[in-house]
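User: I should like a close look at one part of this protein, namely its interior, together with the spaces left in and around it. Please give a single connected account.

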Amino acid sequence: MPFDTGRPVLYRNFSGDRLVTVRLCRVITDDDRGLLIWLARGAAVTVDVAVDGRGVRDMPFAEWATTPRELVPSTWSGPGVLKFLPPGADHSVWFFRTAEGVFDGWYVNLEEHAVRWDDGALAGVDVIDQDLDVVIAPDRTWRWKDEDEFAERLAVPEHYWVPDPDAVRAEGRRVIKRIEAGEFPFDGTWTDFRPDPAWPVPASMPAGWDRPGAR
């Protein structure tokens, strides 16, 4: 069953079996095109950090993989982001905005397709981030992002959760063809989205945010 419009949902990112980020979002639409959710500025998130406070980009990945870490509460400090999850696709499309709320481009996050879950009082989608991404300007010019990071992690397969890098790149190339053709959702759809100013910003994580992964 689709999620109801306005319902809070958790967008949870895993590295293999390990939960690494949680973002508390709101459902905008959920139909045969896919799930569209809104991450508001100031919304509750959790992030994975080393117990000494360093982040994943503060050290080599091989060190990060064996460093004691913990999930800590935080808030989304950037402008609000729309996230679109096409059904069964191994990516999501993020709509970035300026601080003034003007559309500022798309971001294709390559990830294992989302698995939905619904506990009644709490619901969400679980993804496994595959690190390689595509950044797209409003004029649909694009570039790969995090290629060096992707290569660094592939070099330590005993700690990395991506089994088939060729499949990740192929998914990116499939999306790039749609970008260049101006096909949905890169056709202007939702670029003028404005959130309802009456919506409350969810400032704290609900109980159960750290439930076991749905995969």
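Analyst: Helices and strands are named here from DSSP runs and numbered from the N terminus, a helix needing at least four residues (H or I) and a strand at least two (E). The model is predicted. With those names fixed, the account may begin at the segment after α3 (165-181), where Pro 185 lies. The peptide bond that joins Phe 184 to Pro 185 is cis, with omega near 5 degrees. Phe 184 also has a place in the database record: an unreviewed UniProt entry lists residues 53-184 as "domain: DUF402". In the model, the end C-alpha atoms of residues 53-184 are 40 Å apart, and the span is 23% helix and 40% strand.

Phe 186 leads into the interior. Setting aside neighbours within four places in sequence, Phe 186 is in contact with Val 93, Trp 106, Val 108, Ile 136, Arg 140, Val 175, Arg 178 and Ile 179. Phe 186 also belongs to the largest nonpolar core, a group of 41 residues in which Leu 82, Phe 95, Val 108, Ile 179 and Phe 186 touch the most other members. Strand β8 (residues 103-118) supplies the largest share of this core, with five residues. Apart from this core lies another, of 19 residues, including Leu 35, Val 45, Val 127 and Val 135. As a general point, nonpolar side chains in soluble globular proteins tend to be buried together.

One of the contacts of Phe 186 is Arg 140, which deserves attention for its backbone. Arg 140 is not a glycine, yet has a positive phi of about 70 degrees. The residue sits in the loop between β9 (123-136) and β10 (142-145). Arg 140 counts as partly exposed because its relative accessible area is 33%. Trp 190 likewise is a residue other than glycine with a positive phi, near 70 degrees, and is placed in the segment after α3. Trp 190 counts as buried because its relative accessible area is 15%, under the 20% cut-off.

Trp 190 also leads to the enclosed space. The count comes to one cavity of 30 Å³ or more, and the largest cavity has a volume of about 50 Å³. Its lining consists of Trp 38, Leu 82, Phe 95, Phe 96, Arg 97, Gly 101, Phe 103, Trp 190, Thr 191 and Phe 193. Leu 82 and Phe 95, both in this lining, are also among the core members that touch the most others. Strand β7 (residues 91-97) gives the largest share of the lining, three residues. By class, seven of the lining residues are nonpolar, two polar and one charged.

Two open spaces complete the picture. Trp 38, which lines the cavity, is also among the residues nearest the centre of the second largest pocket, together with Ala 40, Arg 41, Pro 195 and Val 201. That pocket has a volume of about 220 Å³, and its lining of 19 residues divides into 11 nonpolar, three polar and five charged. The largest pocket holds about 800 Å³ of space. Of its 34 lining residues, Asn 13, Thr 21, Arg 23, Val 56 and Arg 57 lie nearest the centre, while strand β4 (residues 44-50) gives the most to the lining, with five residues. The classes there are 15 nonpolar, eight polar and 11 charged residues.

Methods:
Residues are numbered from 1 along each chain as its sequence is written. This is a predicted model: local features need pLDDT of at least 70, side-chain atom pairs count only at pLDDT 80 or more; totals for chains, interfaces and linings use all residues. Side-chain values use heavy atoms; hydrogens and water are left out. A nonpolar core is a set of buried Ala, Val, Leu, Ile, Met, Phe, Trp, Tyr and Cys residues joined through side-chain atoms within 4.5 Å. Buried means under 20% relative accessible area, exposed over 50%, partly exposed in between (1.4 Å probe, protein chains only). Contact means heavy atoms within 4.5 Å. UniProt positions are given in the numbering used here, feature names are shortened, and annotations may be inferred rather than shown by experiment. On a 1 Å grid over the protein atoms alone, a cavity is a set of points where a 1.4 Å probe fits but cannot get out, and a pocket is an open set with protein on both sides within 12 Å along at least five of seven lines; lining residues have an atom within 4 Å of a point. Grid points are joined across faces, edges and corners, and a volume is the space filled by probe spheres set on the points. Ala, Val, Leu, Ile, Met, Phe, Trp, Tyr, Cys and Pro count as nonpolar, Asp, Glu, Lys and Arg as charged, and the others, Gly among them, as polar.
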